[in-house]
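Please open the model in a viewer and keep the selection panel at hand. The stops below are meant to be followed in order.

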Amino acid sequence: RGVHQRNYGRLDAAIRDLEEAIRLREELIRSSPSVARYQSDLATTRAELGLTLKQAGQMPAAISLRGEA
């Protein structure tokens, strides 16, 4: 949903949605750490958040995410 929000120029909503998606994916990883797909999905979501932060002019936050993706 966050990517769709970003595509429509709703950057604040996109950031909120992507941050929530990251929180949920982290919970999935804690409950099932051996599922590699969850790790991959988390990395993709962090990358999407980084791109959205960059588009929103929040470069320091985007750069700090780069090391987590």
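The tour goes through helix pairs, a nonpolar core and several single residues of this predicted model.

**First stop: α2 and α3**

Select residues 11-31, which form helix α2, together with residues 36-55, which form helix α3. The two helices pack at an angle of about 160°, and their axes lie 9 Å apart. Angles over 145 degrees count as roughly antiparallel, and α2 and α3 are therefore roughly antiparallel to each other. Their crossing is left-handed.

To display the contact, show the side of α2 that holds L11, A14, I15, L18, E19, A21, I22, R25, E26, L28 and I29. On α3, the partners to show are Y38, Q39, D41, L42, T45, R46, E48, L49, T52, L53 and Q55. Coloured by class, this contact of α2 with α3 comprises 12 nonpolar, 4 polar and 6 charged residues.

**Second stop: α3 and α4**

Keep α3 and add α4, residues 59-66. The axes of α3 and α4 come within 8 Å and cross at roughly 160°. That angle makes α3 roughly antiparallel to α4. The crossing of α3 with α4 is left-handed.

The residues to select on α3 are R46, L49, G50, L53 and K54, and those on α4 are M59, A61, A62 and L65. By class, the contact of α3 with α4 has 6 nonpolar, 1 polar and 2 charged residues.

**Third stop: the nonpolar core**

In soluble globular proteins, nonpolar side chains tend to be buried together. Which residues make up the largest nonpolar core here? Select I15, L18, I22, I29, L42, L49, L53, A62 and L65, a set of 9 residues. Two or more residues of this core come from each of α2, α3 and α4. The largest share, 4 residues, is given by α2.

**Fourth stop: two members of the core**

Centre the view on I15. Not counting residues up to four places away in sequence, I15 touches L49, T52, L53, A56 and Q58.

Move next to L65, which is placed in helix α4. Is L65 buried or exposed? With a relative accessible area of 10%, L65 is buried, because buried means under 20%. Leaving aside neighbours within four places in sequence, L65 is in contact with R46, L49, G50 and L53. A distance label between the C-alpha atoms of L65 and L53 should read 9.4 Å, for residues that are 12 apart along the chain.

**Fifth stop: D17**

Return to helix α2 and select D17. This residue is buried, with a relative accessible area of 17%. Which residues does D17 touch, not counting those up to four places away in sequence? They are R1, G2 and Q5.

**Last stop: A47**

Finally, select A47 in helix α3. A47 has a relative accessible area of 43% and is therefore partly exposed. Add E19 to the selection and label the distance between the two C-alpha atoms. The C-alpha atoms of A47 and E19 are separated by 11 Å, while the residues stand 28 apart along the chain.

Notes
Residues numbered from 1 in each chain as written. Predicted model: local features only at pLDDT ≥ 70, side-chain atom pairs only at ≥ 80, totals over all residues. Heavy atoms only, no water. Axes fitted to C-alpha atoms, helices over the stretch in contact; angles between N-to-C directions. Parallel < 35°, antiparallel > 145°, perpendicular 65-115°, else oblique. Left-handed = near helix turned anticlockwise from the far one by under 90°. Contact = heavy atoms within 4.5 Å. Nonpolar A, V, L, I, M, F, W, Y, C, P; charged D, E, K, R; others polar. Core = buried A, V, L, I, M, F, W, Y, C linked by side-chain atoms within 4.5 Å. Buried < 20%, exposed > 50% of the residue type's maximum accessible area, 1.4 Å probe, protein only.
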